[in-house]
Amino acid sequence: MILSLSKQIPSASRKIKLQWFSVTTAPYSHGHEIKLTTPMPEVASFKGVTSYTDLYNYSITNSNHFWETHAKSRLKWFEPFHTTSECDMSVGKAKWFLGGKLNVSVNCVDRHAQTNPDKIALIWEKDELGQNEFVTYQQLLEMVCRLANSLVDSGVRKGDRVAIYMPVSPIAVAAMLACARIGAVHSVVFAGFSADALAQRIKDAGAETIITTDQAVRGGKVIELKNIVNAALVQCPSVKRVFLSHRLGKSYARTDKDIDLDEAMSKADKYCEPVSMDSEDLLFMLYTSGSTGKPKGIVHTQAGYLLYAMMTQKYVFDYRDGDIYACVADVGWITGHSYVVYGPLGNGATSVLFESVPTYPDPGRYWNMVERLRINQFYGAPTAIRLLLRYGDSYVKKYDLSTLRVLGSVGEPINHEAWEWYHNVVGNGKCDVVDTWWQTETGGIAITPRPSSLGDVIVPSAPMRPFFGIQPALVGEDGKELVGGDSDGACCLKTPWPGMARTIYGDHERFLDTYYRPYPGYYFSGDGARKIENEFFQITGRMDDVLNISGHRLGTAEIEDILDEHVDVAEAAVVGVPHHIKGEEAFAFVSLKEGVSKQKVNLVGELKSDVRQKVAAFAVPGQILISDALPKTRSGKIMRRILRKLAAGEVNDLGDTSTLADPTVVERLAAERLKMK
Ligand code: 6R9
């Protein structure tokens, strides 16, 4: 999809390019070699650095000195590190700040509670419009300590995995930081995932502890979280305890493993001694989708991750002391980890927690919140922007959004219409729009237009430039880096950075196979990219069987596994199709077992409900085409290329079908496809 957009960018002369850029030049049109304006005190120790270009180059050529200087000045250490990094991209090895001891919760809470106890750490924008809760750093410290002590009192120890299944709330943030305080490894599971998906993640992590909430409420709808946890527990006998916090306080089914979190916290000590952690001890794992059915528990460690989240939050969003910063992501995704919790709190910022949805109670919700809370940075997803722009400008215009300075976009490519609306209507033409490309695996933003308030041009709809320390490379099928021209390649990163993932929990081979072996010497992201005018990066989409539905990553195999389980289904294949709001949607092809009628009543309904129940609502295919067979090569491989064309409705442009075992299958599928909307 983004490809067609990039074609609109004139690739001729600089003059044309500047016209194109003119939407965002003022007041940042100083050209490329501008002096540093954003305070970065560390620059004083980087010899010869006087411009942004110098600084970026320094971060690559003197990577260790660059990061070491920041790690010393920005993190609070119990014991200093002795070696800055031990990394080898050719074998997927990454270690940062070796020998150093620290505690992430101390860095995110204690030190700010000491210097600025009454500063607001969290503003909870609850689902109910106009209801906020404010948590100061001092209060957050007490919450974290009491929660940490509750965990310890019940037997949770350093290295234990703790599953967190909670809505966006201060108590969810405290749960993450409490794990960090005692050295437990948290695994936050997005509270929109089903009982089966939750159980799968609990089992893979070997978690014996769950922290959850009675109910969640989103857009006025109640989700019975505790009952979902109970259903997951049936599959996870090894779980020993379920801590339960209360949101709505409605009734739920109890089990003998339940521990009331409020009660436990009120009895617990209000201070908890932080555990001294090694830089490379596990901080958390977060499950994400790959091209097989089994989600991968991406592992991040302590110091490198935290430093990278902090640096990117500060310099990408031009965060300044006193700003009110809002990232509206759910804490169940990496964006919530790095840009709701660790990055902003590490920097001592005021971070907004958004519990609701963009259209509740009406499509002005975000902007109502921006006005009320006087938000300076707003970080959201293109899917929401696309949805909101359809309701027109009036929901934006009625609010005073003059506090906004930077608007961020994440999760998927932002198309031109959405970018322009975000920039012109939401930002009133005055804010920087930063399209941020990164992944669960990169830990923090890797490619983004403007890594500080340096001032420079911004190309609409492209993440453009690498952040400090990041060196992207476009690599061709032969494993060689593509240089020059506007060619498409695999989006790889060729130098290590502190936020990089360390492994897949329990499966280091899969980690190497997925990220380091496809293009030896490089980290392979799974995305394709190209360079605009041989200068700015633009992402072209996934190169594997991973879908991006409303910014949520999902492997096609995860949906196929569920469809395959249905008694009537012989085989299923899922592909992505473009969708005007979600960006992409799943389209399923299903062949039936012998003797099952294609007309079977409500088969499509049953299949959709299975996916909803067993994966998540966002995974439900928009369309399901039932047939007697799927197109296969003579060696039995399903031809997804053809299915993608069929799904997109391009039935007359199916390309070469000569390698198919039975070409008539495609003809029948094409006829069926034409009958659908
Ligand atoms: C942060 C996050 C990662 C995948 C990534 C890519 C897509 C994210 C993007 C983008 C184009 C952007 N993606 N940001 N594509 N432009 N600005 O979303 O992490 O959930 O792991 O997804 O999302 O395909 O590979 P995660």
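**Close-up 1. G411 meets the ligand through its backbone.** In this predicted model, a backbone N or O atom of G411 sits 3.2 Å from a nitrogen atom of the ligand. T436 also brings in a backbone N or O atom, this one 2.8 Å from a ligand nitrogen atom. D435, on the other hand, uses its side chain: a polar atom there lies 2.7 Å from a nitrogen atom of the ligand. How much of the ligand's accessible area does the protein cover? On its own the ligand has 530 Å² of accessible area, and the protein covers 96% of that.

**Close-up 2. The shell around the ligand.** Step back a little and you can pick out 17 residues surrounding the ligand. The closest are D435, T436, T440, R542 and R553. What kinds of residues make up this shell? It's a mix of 6 nonpolar, 6 polar and 5 charged residues.

**Close-up 3. Hairpin of β4 and β5.** Here strand β4 (residues 120–125) runs antiparallel to strand β5 (residues 132–136), and the two pair over 5 bridges. Look for L122, which stands opposite V135 in β5. Between the two strands come 6 residues. Which residue of this hairpin takes a positive phi? That's G130, with a value near 85°.

**Close-up 4. Helix α18 and its surroundings.** Is this helix mostly enclosed or mostly open? Of the 10 residues in α18 (residues 556–565), 7 are buried, so the helix is largely enclosed by the rest of the structure. To find the buried ones, look for T556, A557, E558, I559, E560, I562 and L563. As a general reminder, an α-helix has 3.6 residues a turn, so residues three or four places apart point the same way.

**Close-up 5. Residues 52–108, an annotated stretch.** UniProt, in an unreviewed entry, gives this span the feature "domain: Acetyl-coenzyme A synthetase N-terminal". How is the chain built here, in helix and strand? Residues 52–108 are 47% helix and 25% strand. The end C-alpha atoms of the span are 28 Å apart.

**Close-up 6. Residues 558–637, another annotated stretch.** This time the unreviewed UniProt entry lists "domain: AMP-binding enzyme C-terminal". Helix makes up 25% of residues 558–637, and strand makes up 32%. How far apart are the end C-alpha atoms of this span? They lie 18 Å apart.

Technical notes:
Residues numbered from 1 in each chain as written. Predicted model: local features only at pLDDT ≥ 70, side-chain atom pairs only at ≥ 80, totals over all residues. Heavy atoms only, no water. Pairing = 2+ DSSP bridges. Helix = DSSP H or I, 4+ residues; strand = E, 2+ residues; numbered from the N terminus. UniProt positions renumbered as here; feature names shortened; annotations may be inferred. Buried < 20%, exposed > 50% of the residue type's maximum accessible area, 1.4 Å probe, protein only. Near = heavy atom within 4 Å. Polar contact = N/O pair within 3.5 Å; in protein donor to acceptor, adjacent residues only side chain to side chain. Areas by Shrake-Rupley, 256 points an atom, 1.4 Å probe, with all protein chains shown as cover. Nonpolar A, V, L, I, M, F, W, Y, C, P; charged D, E, K, R; others polar.
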